[in-house]
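Welcome to this guided tour, and please keep your viewer open beside the text. We will go stop by stop, selecting a few residues each time.

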Amino acid sequence: MTTQTHTPADVPAKNTTAAATNTSAAGAGTLELNGAPAANGAPANKGKDGRGATTVADGVVAKIAGIAIQEIPGVHALGGGAARAIGNLREKVGQKDLTQGVSVEVGQTQVAVDVTLVVEYPHPLQEVADNARDAVYNAIEDLVGMEVTEVNITITDIHVPSEDAEADDAGREPRVA
């Protein structure tokens with residue numbers, strides 16, 4: 001195992017204004033160090049300091065958005081009817097899907113998010129949607145470091161908590177012995 005013994009401040013700064021000659025076997029073309037693509041189409045300057053690139057998978061961004069939304073007061077569930085039914089089955093076996101109801105499109109530096117919600121009654125729908133949108137913007141920009149271009153929220157249902165249904169179930173005799 002190797003240990004890194006220097007900090008990013010110790011690494012000499014790259015010259016980002018000069019062009020270096022491509023020394024491949026073909027020997028043709030130049031490699032711009034200011035972030036322009038090389039002859040093979042790959043970006044020349046990977047990362048902020050040229051030490052490598054970081055790729056964040058779509059599922060990671062969707063999971064971060066899902067976690068952020070679940071903490072919003074008034075959000076009962078994520079996803080439409082079929083997704084919630086499958087999600088309930090997954091929860092019964094101990095596998096909660098944190099990306100349920102969240103779809104993302106991740107680009108090089110930007111993210112677009114679509115969310116499907118079920119809101120608890122009597123929370124104001126627009127307020128819950130605005131709070132969920134703000135939570136997604138903050139979580140993705142803070143944790144992932146990418147710009148969020150839009151967060152589209154679709155409210156598909158309202159969950160009405162019913163104390164009467166729970167009381168009826170407790171007082172009712174079972175249909176089979």
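Where is the place of Pro-122? Select Pro-122 and follow the chain on both sides: this residue sits in the loop between β5 and α3. Keep in mind as you look around that this is a predicted model.

**Stop 1: the loop between β5 and α3**

Now add Tyr-121 to your selection. The peptide bond that joins Tyr-121 and Pro-122 is cis, with an omega of about 10 degrees.

Next, select His-123, which also belongs to the loop between β5 and α3. Is His-123 buried, partly exposed or exposed? His-123 counts as partly exposed because its relative accessibility is 36%, and the partly exposed class lies between 20% and 50%. Show its surroundings, and you will find that His-123 touches Pro-73, Gly-74 and Val-128, when residues up to four places away in sequence are not counted. Try a distance label as well: the C-alpha atoms of His-123 and Val-75 are 8.7 Å apart, although the two residues are 48 apart in sequence.

**Stop 2: Val-75**

That label leads us to Val-75, so let us select it. Val-75 is in strand β3, which covers residues 75–78. Why does Val-75 count as buried? Its relative accessible area is 13%, and buried means under 20%.

Which residues is Val-75 in contact with, leaving aside its neighbours within four places in sequence? Colour Ile-69, Leu-117, Val-118 and Val-128 to see them. You met Val-128 a moment ago, as a residue that His-123 touches. For another view across the fold, mark Leu-125: its C-alpha atom is 9.5 Å from that of Val-75, and their positions lie 50 residues apart along the chain.

**Stop 3: the whole chain**

Zoom out and switch to a cartoon view. How many helices and strands are in the protein chain? You should be able to count four helices and six strands. Trace them along the sequence, and the pattern reads β-β-α-β-α-β-β-α-β-α.

The chain has 177 residues, and 21% of them count as buried. Switch on the surface: the protein chain exposes about 12300 Å², and carbon and sulfur atoms supply 50% of that area. Contacts tell their own story. Among those with a separation of 6 or more, 65% are between residues 24 or more positions apart.

**Stop 4: a nonpolar surface patch**

With the surface still on, select Tyr-121, Leu-125, Ile-155, Ile-158 and Val-160. Together these residues make a nonpolar surface patch of about 430 Å². Tyr-121 is familiar from the cis peptide bond with Pro-122. Pick out Ile-155, which is found in strand β6, residues 147–159. Ile-155 is partly exposed, at a relative accessible area of 30%.

**Stop 5: a negative surface patch**

Change the selection to Asp-58, Glu-105, Asp-114 and Glu-150, which form a negative surface patch. Two of its members deserve a click each.

- Glu-105 is found in strand β4, residues 102–106. With 58% relative accessibility, Glu-105 counts as exposed, since exposed means over 50%. Beyond its neighbours within four places in sequence, Glu-105 is in contact with Gln-110, Val-111 and Ala-112. Ala-62 is 43 residues away from Glu-105 in sequence, and their C-alpha atoms are 9.1 Å apart.
- Asp-114 has its place in strand β5, residues 110–120. Its relative accessible area of 32% makes Asp-114 partly exposed.

**Stop 6: salt bridges**

Side chains of opposite charge can pair when their charged atoms come close. How many salt bridges does the count come to? There are two salt bridges to find.

Begin with Asp-49 and Arg-51, whose side chains meet at 2.5 Å, N to O. Asp-49 is partly exposed at 35% relative accessibility, and Arg-51 is partly exposed at 45%.

Then move to helix α3, residues 125–144, where Asp-130 and Arg-133 both lie. They are three residues apart, about one turn of the helix. Their closest N and O atoms are 3.2 Å apart in the salt bridge. Asp-130 is partly exposed, with a relative accessible area of 32%, and Arg-133 is partly exposed as well, with 24%.

Notes: Residues numbered from 1 in each chain as written. Predicted model: local features only at pLDDT ≥ 70, side-chain atom pairs only at ≥ 80, totals over all residues. Heavy atoms only, no water. Patch = residues over 30% accessible without salt bridge, like charges linked within 9 Å, V, L, I, M, F, W, Y side chains within 5 Å. Areas by Shrake-Rupley, 256 points an atom, 1.4 Å probe, with all protein chains shown as cover. Salt bridge = Lys/Arg side-chain N within 4 Å of Asp/Glu carboxyl O. Lys, Arg positive; Asp, Glu negative; His and termini not counted. Charge placed at Lys NZ, Arg CZ, Asp CG, Glu CD. Helix = DSSP H or I, 4+ residues; strand = E, 2+ residues; numbered from the N terminus. Buried < 20%, exposed > 50% of the residue type's maximum accessible area, 1.4 Å probe, protein only. Contact = heavy atoms within 4.5 Å.
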